[in-house]
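Work through these exercises with the model open beside you. Try each task before reading its solution.

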Amino acid sequence: MNTCDFLVIGAGIAGASGAYELASYGRVVLLERESLAGYHSTGRSAAVLTENYGNSIIRRLTVASRQFLENAPEGFTSSPLISPRGMLWIAREEQRDTLGTMLTEARKLVPSIHAVNCAEAKRLCPVLRDEYLAAAVLEPEAMDMDVHAIHQGFLKGFRHRNGELITNAEVTRLERSGDGWEVHTAKDRLSASVVINAAGAWCDEIGKLAGARSIGLTPKRRTALIFDGPDNSELRAWPVVIDVDERFYFKPESGRVLASPADETPMPPCDVYPADYDVALAVDRIEKATALSIRHIRRKWAGLRSFVADKAPVVGMDAAVPGFFWLAGQGGYGIMTSPAIARAAATLIIEKHLPTDLANMGLTPEDLSPARIQGV
């Protein structure tokens with residue numbers, strides 16, 4: 001039997017980063033049901049780091065992750081993990097109050113965010129329509145993320161710390177065995193002191209195998225597409241442009257434009273595909289807001305962003321199931337919060353408290369605990 005201290009289920013960004021941190025404390029095995037780590041949500045991210053996205057817990061975790069992404073440990077990567085982009089939040093006339101409220105809240109954590117006039121917004125993104133644009137806010141320190149480099153950096157560091165990654169290893173059974181766990185896959189039997197549930201959209205299914213109460217995880221489809229930008233434009237210099245009510249966003253991507261209608265359609269856990277309606281919705285909304293004419297879609301895809309009711313991540317030991325740790329519910333924020341969440345998970349498992357920097361930001365274990373969702 002393959003024996004370890006910590007067994008992590010799911011090798012997407014949550015599992016890879018959590019395994020990386022835990023590998024400093026003992027032997028870690030990382031299980032992935034697919035043949036490729038990061039096949040599902042991790043590999044389908046829009047790849048933007050913004051400290052003005054999500055609820056207050058998500059924003060604090062993002063702020064706490066930035067230093068790692070700016071200055072990764074030696075050997076973690078051979079190229080920058082993040083690069084300058086900027087993010088422009090735009091509003092129609094009827095959205096002015098929403099934009100003003102957003103700006104007031106955002107400046108509590110992001111001092112550099114500020115209002116810009118319409119002329120400046122159009123200088124940054126010349127295709128915005130005059131009749132659509134009424135107000136704008138610029139987040140100058142928003143960044144592009146190299147998702148592949150971040151994910152692979154965690155996996156590389158995990159292996160360097162003698163961790164073992166096993167692919168094609170769907171978990172079929174979880175049983176308590178003495179003070180630990182016996183874990184069955186289609187081809188292996190493993191034992192571990194602690195099981196970490198980082199299975200993304202499948203986290204509630206893994207929880208059920210362990211006998212844990214559901215956290216009410218809801219996977220939601222998010223659609224993305226890529227199309228050609230205008231000829232002879234300075235497309236590469238555009239910021240990410242996002243509607244303040246998150247009805248759409250678009251950004252430069254490898255000489256073209258990546259866009260989304262920012263849909264959140266509840267789905268069962270699956271290998272999700274885009275719906276034609278959502279693609280058409282993105283095209284319609286972007287053409288109304290800009291002078292872009294979307295005639296040919298080069299590529300379209302969808303991913304699952306998994307949320308619990310309060311849209312904060314679930315990071316903590318299950319109060320009713322000894323040795324079963326939840327690392328779930330990262331929604332669409334998993335990449336940009338991964339350094340902080342991974343440190344939080346490892347420290348909660350080993351030392352039963354949060355890292356000092358996260359505690360100093362006002363975060364508590366109760367903010368992340370599964371108990372807040374399970375009602376225990």
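**Exercise 1. Salt bridges**

Which side chain meets that of Arg295 in a salt bridge? Find the partner, then place both residues by exposure.

Solution. The model is predicted: local features need pLDDT of at least 70, side-chain atom pairs count only at pLDDT 80 or more, and totals for chains, interfaces and linings use all residues. Residues are numbered from 1 along each chain as its sequence is written, and side-chain values use heavy atoms, with hydrogens and water left out.

Step 1. Apply the rule: a salt bridge is a side-chain nitrogen of Lys or Arg within 4 Å of a carboxyl oxygen of Asp or Glu. The partner of Arg295 is Glu287, at 3.7 Å from N to O.

Step 2. Check exposure. Buried means under 20% relative accessible area, exposed over 50%, and partly exposed in between (1.4 Å probe, protein chains only). Arg295 is exposed, at 70%. Glu287 is partly exposed, at 24%.

Step 3. Count. The rule gives 28 salt bridges.

**Exercise 2. A pair within a helix**

Locate the salt bridge between Glu120 and Arg123 and describe its setting.

Solution. Step 1. The N to O distance is 2.8 Å.

Step 2. Both residues lie in helix H4 (residues 118–124). Helices (H or I, at least four residues) and strands (E, at least two) are DSSP runs, numbered from the N terminus. Glu120 and Arg123 are three residues apart, about one turn of the helix. An α-helix has 3.6 residues a turn, so residues three or four places apart point the same way.

Step 3. Glu120 is partly exposed, at 26%. Arg123 is exposed, at 55%.

**Exercise 3. A link across the chain**

Which residue forms a salt bridge with Glu264? Trace where the two residues sit.

Solution. Step 1. The partner is Lys311, with the closest N and O atoms 3.1 Å apart.

Step 2. The pair links distant parts of the chain, 47 residues apart. Glu264 is in the loop between E16 and E17, while Lys311 is in the loop between E18 and strand E19 (314–317).

Step 3. Glu264 is partly exposed, at 29%. Lys311 is also partly exposed, at 29%.

Step 4. Follow the shared partners. Salt bridges join Arg222, Glu246, Glu264, Arg305 and Lys311 into one network.

**Exercise 4. Arg222 and its strand**

Is Arg222 buried or exposed? Describe its surroundings.

Solution. Step 1. Arg222 counts as buried, at 9% relative accessibility.

Step 2. Its side chain makes a polar contact with the side chain of Glu246 at 3.4 Å. A polar contact is a pair of N or O atoms within 3.5 Å; within protein, one must be able to donate a hydrogen and the other to accept it, and residues adjacent in sequence count only if both atoms are side-chain atoms.

Step 3. Arg222 lies in strand E13. E13 spans residues 218–228, and nine of its eleven residues are buried, so the strand is largely enclosed by the rest of the structure.

Step 4. List the neighbours of E13. Two strands pair if DSSP finds at least two bridges between them. Strand E18 (residues 297–307) runs antiparallel to E13, joined by ten bridges. Strand E16 (residues 256–260) pairs with E13 in the antiparallel sense over four bridges. Strand E17 (residues 265–266) pairs with E13 in the antiparallel sense over two bridges.

Step 5. Pick out partners. Phe227 has Ile297 as its bridge partner in E18. Ile226 has Leu258 in E16. Lys220 stands opposite Pro266 in E17.
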